[in-house]
Amino acid sequence: MAKVVLTNLTKRWGDFVGVDNQSLEIHDKEFLVLLGPSGCGKTTTMRMIAGLEDPTAGEIRIGDRVVNDALPKDRDIAMVFQNYGLYPHMTIYDNIAYPLKVRGTPKPEIEPRVQKAAEQVELTEFLHRKPKALSGGQRQRVALARAIVRHPQVFLMDEPLSNLDAKLRVSMRAELKHLSHMLQVTTVYVTHDQIEAMTLADRVAVMKNGRIQQLGTPDEIYNDPANLFVAGFIGSPAMNLIEGRIENGVFVTQGGFAVTKVEAPNRSGLVLGVRPEDLTIVEPGTGDFDVPVYAFENTGESVQITGQFNRQRVIAKGDRYLKREIEEMTGMSVDQKHLYLFDQSSGERIRN
Amino acid sequence: MRDRHLKYLLVLPAVIVVFATAIWPLVESLRLSFYEGRLSRPAFPQSFLGVENYTWAFLEEPAFWNSVWVTATYTFWTVLLTTLLALGLALLLAPGGRLRVTVQSLLIIPFAMSPALIGVSFRFMFNPEFGLFDAFFGIVFPPLATISWLSDPTLAFWVCIMADVWGWIPFLTLVLIGGLASIPRDTIEAAQVDGASGWRVLKDVTLPQLVPVLAVVLILKAIFSLKTFDQVYMLTNGGPGTATQTLSHYVYFNGLKYSQIGYSAAVAWLMVIPMIFLTYAYAKFVFQKK
Ligand SMILES: Nc1ncnc2c1ncn2[C@@H]1O[C@H](COP(=O)(O)OP(=O)(O)OP(=O)(O)O)[C@@H](O)[C@H]1O
Ligand SMILES: [Mg+2]
């Protein structure tokens with residue numbers, strides 16, 4: 001077990017910057033999730049930790065050792081690839097046993113360890129098959145078993161659930177969570193699925209354009225976003241972001257529409273952030289503002305009401321028995337305790 | 001309705017061409033192989049001999065068995081050496097390999113030369129008086145410079161093999177590069193992370209996944225080696241003596257030099273037997289279901 005420390009890590013291809021001068025310390029036994037949109041450098045970061053990609057600059061430490069010049073095989077890591085990377089010509093048993101065989105584990109030890117790993121991911125009945133004869137979810141579990149059969153210092157997982165259907169993904173997510181709790185190994189996990197990130201992570205690093213935007217617990221990332229990007233990226237439906245200014249303690253958006261009271265000095269060029277669940281749907285006239293209903297959606301567990309004033313839309317989450325007609329006026333009331341203010345040009349959070 | 005028949009009309013010219021240039025000569029040569037067909041006499045072909053041409057080859061002709069042996073060893077060594085060298089080169093040149101892409105284009109030059117031209121060039125290069133090799137050895141290692149390469153049976157055989165290997169490496173390398181490129185990178189990287197050294201990755205992951213392509217390469221090269229003619233014809237003309245006389249060369253000699261068309265047709269048909277097996281195996285590998 002070990003911590004992983006990245007210091008000023010950079011990856012460039014020609015002029016293109018994939019990872020931009022990032023520093024990050026992953027604690028011992030921590031489950032760290034790299035979260036961000038496609039192309040933001042998550043895989044590149046992970047591949048540099050694995051030794052599959054050479055950093056342009058910066059340092060990588062695993063445990064107390066600088067591993068920049070170490071081959072992947074000498075870094076004592078296990079990796080789950082996005083497309084599994086199973087050996088098509090080997091049986092499942094041989095796939096799982098390969099890391100042990102190649103590292104010279106004594107023969108009598110191999111068999112029980114493969115059996116145990118296969119049990120942990122519930123694969124024992126498929127051991128004699130080839131990968132081709134397995135479903136996506138089963139292959140996924142083979143890849144996991146191949147990673148956990150050793151006791152590496154670090155697990156690296158690159159979107160391991162992205163090829164699965166929605167239902168399987170949810171159940172595999174729970175299995176992963178359980179497994180990581182049992183194994184207690186430092187893990188770096190890449191995903192662009194925020195639910196995965198929120199549910200699995202001890203800490204989340206939200207990335208964009210090769211830079212970490214915010215590093216924190218899921219709670220901090222969700223409830224205390226550091227900037228506009230994180231605020232807009234985390235949460236589904238996304239946080240309402242309303243451009244406007246503060247005039248005499250009131251947040252005013254385009255067309256002079258007053259949204260809500262805000263206790264802050266006068267200032268323009270602002271973005272107000274409100275999560276849909278912090279907007280309560282009330283009778284017209286009784287909340288902070290009234291809007292005509294633009295869309296009404298029932299997701300089963302709750303309803304989402306989209307209101308529109310001028311060109312600005314806001315989404316509110318409501319109780320599942322609530323009903324509104326399109327074009328009908330509805331009131332919305334804002335939870336004052338959960339308002340976020342951002343600088344419109346820099347995107348930075350303004351804390352008051 | 002008429003469209004249905006139109007398609008047959010459209011392929012008809014191709015069918016006629018194939019029939020006239022491939023099928024008919026084949027059938028005709030099979031027929032000839034049962035006759036005494038001497039070009040030097042009038043009334044061609046002459047008397048029907050049954051299988052006598054075939055039994056003659058088997059029982060009465062040491063030269064036939066000599067060329068079988070030459071062809072077999074020639075095929076064995078050229079297939080082995082070309083494949084091994086091409087594999088090595090492909091590993092160096094494949095995406096992620098150690099050499100640059102520009103080398104790939106240089107590589108194609110030998111393959112762009114006709115086998116006959118390769119034969120002529122090698123013959124010049126091994127000429128004892130003004131050849132490149134002896135001149136080269138004259139500087140580097142004088143004892144070798146006096147060797148007359150193409151007059152020694154064993155050396156001449158190996159010079160032929162060398163020329164063949166040199167000419168075929170590029171094509172096989174390109175095929176193998178294609179094969180290597182189609183191996184999922186994931187599997188190779190997974191093996192590296194799992195703890196395999198470069199050599200183990202090659203042995204455990206890369207080569208097993210390359211087997212289908214390797215098989216095709218081996219079979220293709222074997223087919224081409226078995227019917228080697230033009231290169232040997234230009235380089236040694238089968239000699240010294242019959243030391244480098246391949247079956248194709250033997251067929252040519254008997255047919256066109258000694259005018260025994262019937263007999264050489266029979267030998268040519270004997271060559272068909274291993275070809276059929278190889279072609280069958282080739283088709284099996286190429287058209288197998290993925
Ligand atoms: N070998 C390469 N050469 C040039 N650019 C590359 C190379 N590999 C990746 N990139 C670029 O680096 C950026 C980061 O890529 P990376 O694979 O890390 O993204 P990612 O965050 O994993 O995205 P995704 O969620 O789609 O997997 C991308 O814009 C990509 O185009
Ligand atoms: Mg990726």
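This report describes the surroundings of ligand 1 and the aromatic and charge-over-ring contacts in a predicted model.

## Surroundings of ligand 1

Eleven positions of chain A need naming here. The residues around ligand 1 include A:Trp13 and A:Phe16, the run A:Ser38, A:Gly39, A:Cys40, A:Gly41, A:Lys42, A:Thr43 and A:Thr44, and also A:Glu159 and A:His192. Helix H1 of chain A, residues 42-50, supplies the largest share of this shell, with three residues. Sorted by class, the shell holds six polar, three nonpolar and two charged residues.

## Polar contacts and burial of ligand 1

Three side chains place a polar atom beside an oxygen atom of the ligand. For A:Ser38, an N or O atom of the side chain is 2.4 Å from an oxygen atom of ligand 1. For A:Thr43, the corresponding distance from a side-chain N or O atom to a ligand oxygen is 2.5 Å. For A:Glu159, a polar side-chain atom lies 3.2 Å from an oxygen atom of ligand 1. The ligand taken alone exposes 630 Å², and the protein buries 63% of that area.

## Stacked pairs in chains A and B

Over all chains, the structure holds 23 aromatic pairs. One of them joins A:Phe229 and A:Phe233, which are stacked with 5.4 Å from centre to centre and 15° between the planes. Both residues belong to helix H8 of chain A, residues 228-233, where they are four residues apart, about one turn of the helix. A:Phe229 and A:Phe233 are both buried.

In chain B, B:Phe229 and B:Tyr233 form a stacked pair, with centres 5.4 Å apart and 20° between the planes. B:Phe229 has a relative accessibility of 23% and therefore counts as partly exposed. B:Tyr233 is also partly exposed, because its relative accessible area is 29%. Buried would require a value under 20%, and exposed a value over 50%.

## Aromatic cluster in chain B

Five residues of chain B, namely B:Tyr74, B:Phe76, B:Trp77, B:Phe157 and B:Trp158, form one aromatic cluster.

## Charges over rings

Arginine side chains are placed over tyrosine rings in both chains. In chain A, A:Arg146 lies over the face of A:Tyr87, at 4.7 Å from the ring centre. In chain B, the ring of B:Tyr35 has the charged end of B:Arg31 over it, 5.5 Å from the centre of the ring.

Note on methods:
Residues are numbered from 1 along each chain as its sequence is written. Chains are lettered from A and ligands numbered from 1 in the order in which they are written. This is a predicted model: local features need pLDDT of at least 70, side-chain atom pairs count only at pLDDT 80 or more; totals for chains, interfaces and linings use all residues. Side-chain values use heavy atoms; hydrogens and water are left out. A residue is near a molecule or strand if one of its heavy atoms lies within 4 Å of it. A polar contact is a pair of N or O atoms within 3.5 Å; within protein, one must be able to donate a hydrogen and the other to accept it, and residues adjacent in sequence count only if both atoms are side-chain atoms. Accessible areas come from the Shrake-Rupley method with a 1.4 Å probe; for residues, only the protein chains shown count as cover. Helices (H or I, at least four residues) and strands (E, at least two) are DSSP runs, numbered from the N terminus. Ala, Val, Leu, Ile, Met, Phe, Trp, Tyr, Cys and Pro count as nonpolar, Asp, Glu, Lys and Arg as charged, and the others, Gly among them, as polar. Rings of Phe, Tyr and Trp (its six-membered ring) pair if their centres lie within 6.5 Å; planes under 30 degrees apart count as stacked, over 60 as edge-to-face and the rest as tilted. Buried means under 20% relative accessible area, exposed over 50%, partly exposed in between (1.4 Å probe, protein chains only). A charge sits over a ring if NZ of Lys or CZ of Arg is within 6 Å of the ring centre and within 35 degrees of the ring normal.
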